[in-house]
Amino acid sequence: MEEPRQAPDPDGVATARDKFHCPACGAEANWNPGRQALICPFCGTQSPATLQTRAAGTIIVEHDLVAALRSIPDEARGWQADKTSVRCQSCQAISVFDPDKIGQRCAFCGSAQLVPYTEVKDSFRPESLLPLKVSEPQARDLIRAWYGRQWFAPNALRSKALTDTARGVYLPYWTFDANAHARWTADSGTYYYTQEGGKRVQHVRWTPASGELSHTFDDDLVPASKGVNAGWLRAVEPFPTTAGLILYDAGYLAGWTVERYQIDLVNAAARSRQQMEAELERLCGEQVPGDTHRNLNVQSTFSNQRFKHILVPIWLLTYTLGAMSYQVVVNGVTGKIAGGRPWSWIKIAFAVLVVLLLLYLWNSLNS
């Protein structure tokens, strides 16, 4: 499937840098979310490299969706730095690493079945990103607190907070904008009541209704990841794309794993359209007068459709209990957390017995 055509903005793309060397010892500096700078992991020296920042005049470019269904030029591809890609044979996630930092296990599912991955062409490079702000100690504190709130989980779960490794990962996302206009028709229902056989019975009086509305969608998010559970990603959204995005700079990715997008623009746009139409149906349903409605029919049109490809940071922890694997996801900007957890049926059964005993005692005291 062809990629979108997109002209690069010479003022909106960071200058390519292969490495971000430490001025003291010569090692490669990594992006440090705690200090919000490039820091050498060996001697702690801050790199003097200047990275892109968000300023009052920063313009995050968005592209016309209708005109974007052709190939992008080669100069808008790639990562602006040496990268190596591997595919996990278990979950199929494609991870992009600095050449000297390839992990032995998949950051998404923990599998050791990693094989080299070679693209026919470099991927469509994101033009903007959200820098990782939540540090690893903060992420671990959030995960430990989350573990502690899982009251009906096995006791072994809490020990995972001390032994498992949280990984910082940049995930690919598409964002979509559109102006939408919707016309709707429905049956509007109004409740009325009658007395029948000594009982108050509810009835509905149906009348036809119609209307229209306009709505603007701004940065409707579609994750392009296959390595992270989509439900957990939705649970930790939103990412502050409106105010937090900066122009793409490879320095923010130094030392971190990046997932290559695996949902292309065409499929992402279709998902976004479904999300927008569902939201329009909800908004139209709210406009229907009366107490309830049925047979809602919405006809929508879209204009000024725009898109962009971005990277957002998360902390990801994958753990295994028994035969099941689970993920915990932390929003790398806001710290919002969600994840999968096992259940202890012993604890649940004990809680049920306690409730039944309390009910029995209550009934005994009041009988």
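Buried means under 20% relative accessible area, exposed means over 50%, and partly exposed is what falls in between. Keep that handy for the exercises below, and remember that this is a predicted model.

**Exercise 1. Place Val-352 on the buried-to-exposed scale, then find the surface patch that includes it.**

Start with the number: Val-352 has 44% relative accessibility. That value sits between the two cut-offs, so Val-352 counts as partly exposed. Next, locate the residue: Val-352 belongs to helix α6, which covers residues 345-365. Now look at its company. Val-352 joins Leu-353, Val-355, Leu-356 and Leu-359 in a nonpolar patch on the surface. Together, these five side chains' residues offer about 460 Å² of accessible area.

**Exercise 2. Get an overview of the whole protein: how many helices and strands does it have, and what share of its residues is buried?**

Take the secondary structure to begin with: there are six helices and 14 strands. Then go to burial: of the 367 residues, 45% count as buried. For the outside, the accessible surface comes to about 18,900 Å², and carbon and sulfur atoms account for 53% of it. Finally, check how the chain meets itself. Among contacts between residues at least 6 apart in sequence, 75% join residues at least 24 apart.

**Exercise 3. Work through the salt bridge between Asp-141 and Arg-144: where does the pair lie, and is each partner buried or partly exposed?**

The two side chains meet at 2.6 Å, N to O. Both residues lie in helix α1 (residues 136-148), three residues apart, which is about one turn of the helix. As for cover, Asp-141 has 45% relative accessibility and counts as partly exposed. Arg-144 is partly exposed too, with a relative accessible area of 34%.

**Exercise 4. Now try a salt bridge that spans the sequence: which parts of the chain do Arg-294 and Asp-187 link?**

First the geometry: the side chains of Arg-294 and Asp-187 meet in a salt bridge of 3.2 Å, N to O. The pair links distant parts of the chain, with Arg-294 in strand β12 and Asp-187 in strand β8 (residues 167-196), 107 residues apart. To finish, Arg-294 is partly exposed, its relative accessible area being 37%. A search of the whole structure turns up nine salt bridges.

**Exercise 5. Build up a picture of Asp-219, from its backbone to its salt-bridge partners.**

Begin with the backbone. Most residues other than glycine have a negative phi. Asp-219 is not a glycine, yet its phi is positive, about 55°. Next comes the cover: Asp-219 is buried, because its relative accessible area is 10%.

Then follow the side chain. Asp-219 forms a salt bridge with Lys-308, with the closest N and O atoms 2.5 Å apart. Asp-219 is in strand β9 and Lys-308 in strand β12, so the bridge ties together parts that are 89 residues apart in sequence. Lys-308 is buried as well as Asp-219. The last step widens the view: Glu-62 is linked with Asp-219 and Lys-308 in a network of salt bridges.

**Exercise 6. Asp-264 is buried: what does its side chain have for a partner?**

Find the residue in the loop between β11 (257-259) and α5 (265-287). Check for a salt bridge: Asp-264 has none. The nearest side chain of opposite charge is that of Arg-271, 8.5 Å away. A salt bridge calls for a distance within 4 Å, so Arg-271 doesn't qualify. What the Asp-264 side chain does make is a polar contact with the side chain of Asn-267, at 2.9 Å.

**Exercise 7. Look at two more backbone spots: what is the phi of Asn-304, and which kind of peptide bond joins Glu-237 and Pro-238?**

For Asn-304, phi is near 50°, a positive value in a residue other than glycine. Asn-304 lies in strand β12 (residues 292-321), and with a relative accessible area of 49% it is partly exposed.

For the second spot, recall that most peptide bonds are trans. The bond joining Glu-237 and Pro-238 is cis, with omega about 10°. Pro-238 has its place in the loop between α3 (230-236) and α4 (241-244).

Notes:
Residues are numbered from 1 along each chain as its sequence is written. This is a predicted model: local features need pLDDT of at least 70, side-chain atom pairs count only at pLDDT 80 or more; totals for chains, interfaces and linings use all residues. Side-chain values use heavy atoms; hydrogens and water are left out. Patches are made of residues with over 30% relative accessible area and no salt bridge: like charges are joined within 9 Å, nonpolar side chains (Val, Leu, Ile, Met, Phe, Trp, Tyr) within 5 Å. Accessible areas come from the Shrake-Rupley method with a 1.4 Å probe; for residues, only the protein chains shown count as cover. Helices (H or I, at least four residues) and strands (E, at least two) are DSSP runs, numbered from the N terminus. Buried means under 20% relative accessible area, exposed over 50%, partly exposed in between (1.4 Å probe, protein chains only). Lys and Arg count as positive and Asp and Glu as negative; His and the chain ends are not counted. A polar contact is a pair of N or O atoms within 3.5 Å; within protein, one must be able to donate a hydrogen and the other to accept it, and residues adjacent in sequence count only if both atoms are side-chain atoms. Contact means heavy atoms within 4.5 Å.
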